[in-house]
Amino acid sequence: MVARLVIAAPSSGAGKTTVATGLMAAFAGRGLAVSPHKVGPDYIDPGYHALATGRPGRNLDAYMCGTELIAPLFAHGAHGCDLAVVEGVMGLYDGAADQGELASTAQVAKLLRAPVVLVVDASSQSRSVAALVHGFASWDPEVRIGGVILNKVATDRHEHLLREALGESGVPVLGVLRRAPAVSTPSRHLGLVPVAERQAAAVEAVAAQAEQVRRGCDLDALLALARSAPPLAAEAWRPDVEPVAGARPVVAVAGGAAFTFSYAEHAELLGAAGAEVVPFDPLRDEELPAGTRGLVIGGGFPEVYGSELSANARLRETVAGLAASGAPVAAECAGLLYLARSLDGQPMCGVLDADARMSERLTLGYRDAVAVSDSPLAAAGTRMRGHEFHRTVLEPAAGPSPAWGLRQPERRVEGFVQRGVHASYVHTHWAAVPEAARRFVEYCAR
């Protein structure tokens with residue numbers, strides 16, 4: 001199997017994304033084929049990973065996809081690569097709420113039999129760093145912490161104190177990074193600003209991260225640690241669905257700056273099921289791709305681009321017409337808002353009799369969902385796992401035929417199923433339910 005490292009931290013905000021992306025770019029700059037991965041459901045970090053490596057950033061989510069798919073999905077993404085770098089989520093041992101270690105970085109590291117590099121924000125400590133690292137290294141004997149990268153180190157004196165404290169811990173220091181504003185990435189209400197919204201600046205940030213990592217980290221030692229990972233007995237996942245017989249229906253997939261949230265496996269599954277997947281940008285394109293028979297509108301930031309989306313009236317009317325014809329439309333979160341009557345008072349497609357607005361409240365968490373109504377994605381009664389991540393409110397939250405019944409954190413119905421439309425706040429990962437992609441293409445081909 002490919003050499004591999006998991007980049008983790010004691011908590012969010014320690015610098016995992018900076019270090020992971022910098023390592024990916026630095027190793028790619030050495031001529032290695034680097035496979036980028038992200039623990040959890042996050043869509044934004046993989047965009048920076050893709051920029052650093054030239055390969056799709058792929059997610060490894062044990063809650064949505066199940067623990068049994070983690071190694072196969074990893075092997076699928078890492079096929080043919082020299083090295084895989086896996087960025088963790090939150091703190092090393094943090095996972096799904098009330099689910100023990102499920103979906104934690106530690107669990108994924110164990111499933112991949114991968115050594116962990118702990119990124120520690122050292123900005124407000126010296127000798128205590130040794131106690132912190134010792135605690136994380138000894139908490140779960142199945143998690144192998146192979147080294148530490150000290151981040152936000154102030155001075156040479158500060159570095160000396162940290163190294164001296166860690167000298168007896170048995171965990172080697174594999175890097176020391178100084179505070180560097182140039183490598184920071186701007187954030188807003190849902191995290192980092194996606195690559196698609198700041199291409200030139202993102203390229204500069206990733207280059208700065210790579211340079212910082214090259215200067216501050218022992219790349220040879222990190223590569224040796226990655227190569228020490230034992231063999232991983234896992235057959236690579238494949239988008240192995242039976243193709244729908246007949247012509248290849250065109251499935252238009254929304255992209256561009258307003259719709260950046262998607263998993264690479266979705267397009268792969270649609271293609272394997274027999275669809276011709278064609279991207280389009282609702283901010284730029286006034287028409288859907290020629291011959292469109294189905295539409296997939298994933299997540300993103302329509303609230304940031306509400307004026308531009310609203311101004312593209314021709315495309316909004318086309319989308320509304322396609323939905324009215326009964327064609328299959330799968331919309332998640334941002335797609336749900338785009339199909340609504342309005343977003344913050346600005347006209348959207350008007351497919352759904354609902355209005356959306358920004359909210360101060362963050363809705364975030366995994367969801368255990370059951371399909372309430374038959375739709376192009378799922379037959380009623382089908383169970384899927386997903387997640388919600390938004391700061392908007394839709395009124396009403398559900399239509400006469402809801403999309404999902406949610407089991408946790410509270411029981412409720414949400415979303416809309418009407419004609420061929422399935423629209424919901426819940427993001428799903430079709431690798432766990434490949435039959436959803438085939439069912440969608442089958443509806444498109446009718």
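**Notes on the predicted model**

1. R238 has a relative accessible area of 53%, so it counts as exposed. Note that this is a predicted model. The partner of R238 is D240, and the two side chains form a salt bridge with N and O 3.3 Å apart. D240 is exposed as well, at 58% relative accessible area. Both values are over 50%, the cut-off for exposed.

2. How many salt bridges does the structure hold? The count is 23. One of them pairs D220 with R30, with the closest N and O atoms 2.9 Å apart. What does this pair tie together? D220 sits in helix α9 (residues 219-227), while R30 sits in the loop between α1 (16-29) and β2 (34-39), so the bridge connects parts that are 190 residues apart in sequence. R30 is partly exposed, with 45% relative accessibility.

3. A further salt bridge stays within one helix. E211 and R215 are both in α8 (residues 199-216). They are four residues apart, or about one turn of the helix. Their side chains meet at 3.8 Å, N to O. The cut-off is 4 Å, so the pair counts as a salt bridge. Is each partner buried or exposed? E211 is partly exposed at 33% relative accessible area. R215 is exposed, at 60% relative accessibility.

4. Salt bridges also form a network here. Its members are D156, E159, R163 and R178. R178 leads to the strands as well: in β7, R178 is the bridge partner of V153. Strand β6 (residues 145-153) and β7 run parallel, and four bridges join them. β7 covers residues 173-178 and is mostly covered, with five of its six residues buried. As a general point, side chains in a regular strand alternate between the two faces of the sheet.

5. Now the second largest pocket. It holds about 820 Å³ of space. Which residues are closest to its centre? They are F259, T260, F261, S262 and Y263, out of 37 that line this pocket. Several elements each supply at least two lining residues: α2 (44-53), β10 (250-254), α10 (264-272), β11 (276-280) and β13 (329-332). What is the make-up of the lining? There are 24 nonpolar residues, twelve polar ones and one charged residue.

6. On cysteines, the disulfide count is zero. C349 is in no disulfide, and the nearest cysteine sulfur, that of C333, lies 15 Å away. The cut-off for a disulfide is 2.5 Å between the sulfur atoms, so a sulfur at 15 Å does not qualify. In general, a disulfide is a covalent bond between the sulfur atoms of two cysteines. Is C349 buried or exposed? C349 is buried, with 9% relative accessible area. C217 is also buried, at 9% relative accessibility. The limit for buried is under 20%, so both cysteines meet it.

7. A last position to look at is E308. Where is E308 found? E308 belongs to helix α11 (residues 306-311). Its relative accessible area is 40%, so E308 is partly exposed. Along the chain, E308 and P282 are 26 residues apart. Their C-alpha atoms are separated by 8.9 Å.

Terms used: Residues numbered from 1 in each chain as written. Predicted model: local features only at pLDDT ≥ 70, side-chain atom pairs only at ≥ 80, totals over all residues. Heavy atoms only, no water. 1 Å grid on protein atoms, 1.4 Å probe; cavity = no way out; pocket = protein on both sides within 12 Å on 5 of 7 lines; lining within 4 Å. Points joined across faces, edges and corners; volume = space filled by probe spheres on them. Nonpolar A, V, L, I, M, F, W, Y, C, P; charged D, E, K, R; others polar. Buried < 20%, exposed > 50% of the residue type's maximum accessible area, 1.4 Å probe, protein only. Pairing = 2+ DSSP bridges.
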